[in-house]
2 protein chains.
Amino acid sequence: MATIFNPIKQARVSDGVFHQIKHSILLGHFKAGGRLPSERELAEEFRVSRMAIREALRALELSGFIEIRQGINGGGFVVDLTFEQLGNAFLDLFLANKISIPEMLQVRLLIEPEVAGLAALNVNTDFKQRLNEAVELEELPPISLFKDVEIKQNFHFILAEMSGNRFLEAIVRSLLKLTRNLVLAVDDGPRFIHPAGMHRKVVEAVLSGSPEEARGAMKRHTLEFGQKLIELEIAYREKMALLPF
Amino acid sequence: MATIFNPIKQARVSDGVFHQIKHSILLGHFKAGGRLPSERELAEEFRVSRMAIREALRALELSGFIEIRQGINGGGFVVDLTFEQLGNAFLDLFLANKISIPEMLQVRLLIEPEVAGLAALNVNTDFKQRLNEAVELEELPPISLFKDVEIKQNFHFILAEMSGNRFLEAIVRSLLKLTRNLVLAVDDGPRFIHPAGMHRKVVEAVLSGSPEEARGAMKRHTLEFGQKLIELEIAYREKMALLPF
DNA sequence: GCTTCTAGAATGGTCTAATATTTATATTAT
DNA sequence: ATAATATAAATATTAGACCATTCTAGAAGC
């Protein structure tokens with residue numbers, strides 16, 4: 001039979017609500033920080049039950065469009081969309097074994113040098129100060145693995161911001177989230193040593209304003225650090241495989 | 001005040017259920033294709049109401065871990081995680097104006113040539129045949145814009161698969177999803193003409209087995225096509241700005 | 001006047017129970 | 001045999017009650 005007709009998509013009630021509200025937010029009917037009507041009001045307006053509204057609001061929350069607060073003056077508050085959901089999606093793919101660390105590294109080796117190169121073209125006094133502060137913080141004695149990772153990653157975040165490309169920034173943030181989770185999940189203290197001063201050379205190259213030098217320095221850093229990550233992934237997958245059922 | 005204490009996270013019941021089931025799936029307790037217990041059974045096992053279970057299952061569905069089917073033999077079926085959610089996250093960021101087409105193009109210009117280069121190293125008879133079929137299909141008279149875009153993008157999907165890097169493949173799929181949505185949303189027939197034969201040179205370069213040639217050919221193609229996309233974004237944002245409230 | 005406590009009200013969170021809808025399968029009628 | 005129908009099991013939806021949380025305003029105490 002010729003494919004003339006399209007199947008009726010038996011949409012759920014909450015899906016309709018979800019899309020209408022999402023569309024409304026994207027169109028700017030509700031600004032960031034603004035509050036949606038209460039569940040009871042929405043239920044009346046959409047002529048559906050509160051549960052349907054609840055499902056839609058939960059979906060909006062999971063998608064990163066709103067934040068739900070309880071209590072009087074509570075409700076759904078529109079928030080500015082961040083790169084959070086993107087990072088979660090990448091993380092899930094890694095957890096489900098759909099992407100591996102070597103694959104991620106190959107991408108990182110492509111992205112990070114380019115980010116550093118672009119950053120070198122956008123140096124200004126503010127960025128310069130932030131980069132210098134970041135590497136100085138790195139060289140203080142570490143408080144905890146968690147804090148240590150946070151401080152070391154800050155350097156990459158600043159460069160990503162400097163690149164001036166939010167798409168690249170989004171990818172970098174996702175890559176780093178993946179890395180952070182891996183490091184913290186294994187928590188293999190002695191083995192995981194991100195040596196202090198590792199970033200110093202990259203910062204110098206970026207601040208010199210030369211894209212070529214910045215790319216080269218970042219490439220060397222990524223390669224060096226990548227080796228540690230590959231070891232970490234092996235430890236991680238082993239740890240997971242041995243987990244009690 | 002020193003940050004000694006951590007805030008109590010007043011977790012929702014459904015969140016606990018969500019994480020337990022998700023963890024369970026990741027650990028392989030339920031294989032892809034397998035069915036979770038019914039809502040009523042889960043409610044009994046977790047000692048919570050069916051509503052809490054429902055919310056958790058909906059969240060799992062939204063995250064791409066399960067598919068919920070209705071009717072007898074229905075329920076939550078575990079599915080293999082795909083790149084779908086990732087693409088949705090990127091799309092939302094674009095819709096919310098958090099990333100622009102020029103930014104995306106800069107990334108595409110970085111990714112696609114690399115993909116083509118890697119693909120050139122992984123040519124085999126199967127891939128060769130699929131690529132040739134793809135470009136031949138492209139040169140038939142177009143049926144609809146929708147079909148046309150689908151056929152033209154197929155070429156990129158094959159190359160992404162050939163790259164052997166699923167992370168790169170994920171990014172390419174996201175980039176293409178964004179592109180597809182933009183093209184279809186504007187649906188600016190006469191302006192949007194992806195000329196037939198545009199991919200032919202890239203295919204030749206890839207099949208020649210030379211990464212350098214493949215990179216170069218893809219770079220030229222991306223640059224050429226990118227110009228059209230920039231025009232499209234302007235048309236798109238204008239269209240959106242004029243939408244009735 | 002200032003702080004602290006308390007009560008009220010609005011809101012999301014959860015539960016229960018009933019009904020509707022969907023769908024695969026078994027049964028029955030032709 | 002084939003088509004129509006009934007059955008059963010599961011999700012989808014609704015309604016209504018009650019719980020938990022949180023802000024606000026006013027009362028109480030100092």
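**Two-fold symmetry, DNA surfaces and helix pairs**

Modeller: A turn of 180° with a shift of 0.0 Å along the axis lays chain A on chain B, with an RMSD of 0.1 Å. This is a predicted model: local features need pLDDT of at least 70, side-chain atom pairs count only at pLDDT 80 or more, and totals for chains, interfaces and linings use all residues. Residues are numbered from 1 along each chain as its sequence is written, while chains are lettered from A and ligands numbered from 1 in the order in which they are written.

Biologist: What relation does that give?

Modeller: Two copies of a chain are related by a rotation about an axis and a shift along it. Here the turn is 180° and the shift 0.0 Å. That is the relation of a two-fold axis. The fit is by least squares on the C-alpha atoms of residues with pLDDT of at least 70 in both copies.

Biologist: Which residue of chain A comes closest to the rotation axis?

Modeller: A:Leu86, with its C-alpha at 3.1 Å.

Biologist: How do you know that the same surface serves both copies?

Modeller: Of the contact residues of chain A, 100% recur in chain B. Contact has a cut-off (C-beta atoms, placed from the backbone, within 7 Å). By that test, 33 residues of chain A touch 33 residues of chain B.

Biologist: What makes up the side of chain A that touches chain B?

Modeller: α3 (50-62), α4 (84-95), α5 (101-121) and α8 (166-186) of chain A each give two or more residues. α4(A) gives the most, 7 residues. The names come from DSSP runs (helices: H or I, at least four residues; strands: E, at least two), numbered from the N terminus. By class, this side has 21 nonpolar, 5 polar and 7 charged residues. Asp, Glu, Lys and Arg count as charged; Ala, Val, Leu, Ile, Met, Phe, Trp, Tyr, Cys and Pro as nonpolar; the others, Gly among them, as polar.

Biologist: Which residues come nearest to DNA strand C?

Modeller: A:Ile72, A:Gly75, B:Val13, B:Ser49 and B:Gly71, out of 24 around the strand. A residue is near if its C-beta atom, placed from the backbone, lies within 6 Å. α3(B) supplies the largest share, 3 residues. The classes are 7 nonpolar, 12 polar and 5 charged.

Biologist: How many residues surround DNA strand D?

Modeller: 22, the closest being A:Val13, A:Met51, A:Ala52, A:Gly71 and B:Ile72. They divide into 7 nonpolar, 11 polar and 4 charged.

Biologist: Why are α6(A) and α7(A) called roughly antiparallel?

Modeller: The angle between α6 (residues 125-138) and α7 (residues 145-163) of chain A is about 165°, with the axes 8 Å apart. Angles under 35 degrees count as roughly parallel, over 145 as roughly antiparallel, 65 to 115 as roughly perpendicular and the rest as oblique. α6(A) and α7(A) are therefore roughly antiparallel. Among the contact residues are A:Phe127 and A:Leu131 of α6(A), and A:Phe155 and A:Ile158 of α7(A). The contact has 9 nonpolar, 1 polar and 3 charged residues.

Biologist: What makes α9(B) roughly antiparallel to α10(B)?

Modeller: The axes of α9 (residues 200-207) and α10 (residues 211-241) of chain B cross at roughly 165° and come within 8 Å. That makes α9(B) roughly antiparallel to α10(B). B:Lys201, B:Val202, B:Ala205 and B:Val206 of α9(B) meet residues of α10(B) including B:Ala214 and B:Met218. By class, the contact has 6 nonpolar, 1 polar and 2 charged residues.

Methods
Axes fitted to C-alpha atoms, helices over the stretch in contact; angles between N-to-C directions. Contact = placed C-beta atoms within 7 Å.
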